[in-house]
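Please work through the following exercises with the sequence and the three-dimensional structure at hand. Each task is followed by a solution in steps.

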Amino acid sequence: MMDSGLRDTECLHLKRSDIINFTTDTKPKNYKLSIQIQGKSKSRTCIPNPSIIHPLQVLHAEQNPKADDYLFTYKNGNRVSSFSEQMNEALKDANLTTDYRGVKRTCYSFKNYYITKALNNGLNIHLLARNTGTSVSMIEKHYSHVSLEQHRDSLIPEHLRI
């Protein structure tokens with residue numbers, strides 16, 4: 001989730017057939033991975049970061065996949081219904097249950113991280129909104145303040161810089 005911008009609920013509903021241009025090649029030459037998201041009322045295509053290729057390959061290798069299988073299943077083949085229990089346990093073990101403000105972290109924190117990182121890297125807010133299924137106004141309201149410090153040089157004309 002951290003490098004895809006997907007909501008945990010979207011990941012829970014992913015089927016193998018939703019992963020487009022997936023490769024089991026360990027050194028993909030032309031990264032063109034896409035994920036088709038089926039939402040409640042609309043669908044979209046997501047372009048995730050290449051870093052998710054290896055975890056997808058591990059999932060593929062550990063299971064006997066069919067195209068209509070859910071992506072996240074237990075070893076017995078049953079579909080994962082929630083990531084919360086495993087996430088809460090992992091966060092507790094890593095002593096990361098809350099962020100720097102004392103706010104409890106959840107699976108949705110990965111989407112927050114993805115959006116914040118993308119903004120800090122200068123990704124166009126309109127492309128980011130389309131890729132994550134979030135409105136521009138929602139991103140501006142909740143996330144865009146974090147990227148301001150990163151763009152200090154762009155805000156100050158060159159002749160005024162000390």
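**Exercise 1: Aromatic rings**

Searching the whole structure yields 1 aromatic pair. The model is predicted, so local features need pLDDT of at least 70 and side-chain atom pairs count only at pLDDT 80 or more, while totals for chains, interfaces and linings use all residues. Residues are numbered from 1 along each chain as its sequence is written, and side-chain values use heavy atoms, with hydrogens and water left out.

Task: Describe the aromatic pair formed by Phe72 and Phe83.

Solution. A pair of aromatic rings is described by the distance of the centres and the angle of the planes. Rings of Phe, Tyr and Trp (its six-membered ring) pair if their centres lie within 6.5 Å; planes under 30 degrees apart count as stacked, over 60 as edge-to-face and the rest as tilted. For Phe72 and Phe83 the centres are 5.2 Å apart and the planes make 90°, which is edge-to-face. Both residues lie in the loop between helix 2 (53-62) and helix 3 (84-93), so the pair ties together parts that are 11 residues apart in sequence. Helices (H or I, at least four residues) and strands (E, at least two) are DSSP runs, numbered from the N terminus.

Next, consider accessibility. Buried means under 20% relative accessible area, exposed over 50%, and partly exposed in between (1.4 Å probe, protein chains only). Phe72, at 22%, is therefore partly exposed; Phe83, at 14%, is buried.

**Exercise 2: A charged residue**

Task: Determine which residues are in contact with Asp8, leaving aside neighbours within four places in sequence.

Solution. Asp8 belongs to helix 1 (residues 8-12). Contact means heavy atoms within 4.5 Å. The contacts of Asp8 beyond those neighbours are Met1, Phe83, Cys107 and Tyr108.

**Exercise 3: The sheet**

Task: State the order of the strands and find the edges of the sheet.

Solution. Two strands pair if DSSP finds at least two bridges between them. The open sheet has 3 strands in the order 1-2-3, with antiparallel pairing. Strand 1 (19-20) and strand 3 (43-46) are the edges, each pairing on one side only. Strand 2 (residues 34-38) joins strand 3 through 4 bridges. Across these strands, Gln38 stands opposite Ser43, and Ile35 has Cys46 as its bridge partner. Finally, the side chains of strand 3 alternate: Arg44 and Cys46 point to one face and are buried, whereas Ser43 and Thr45 point to the other and are not.
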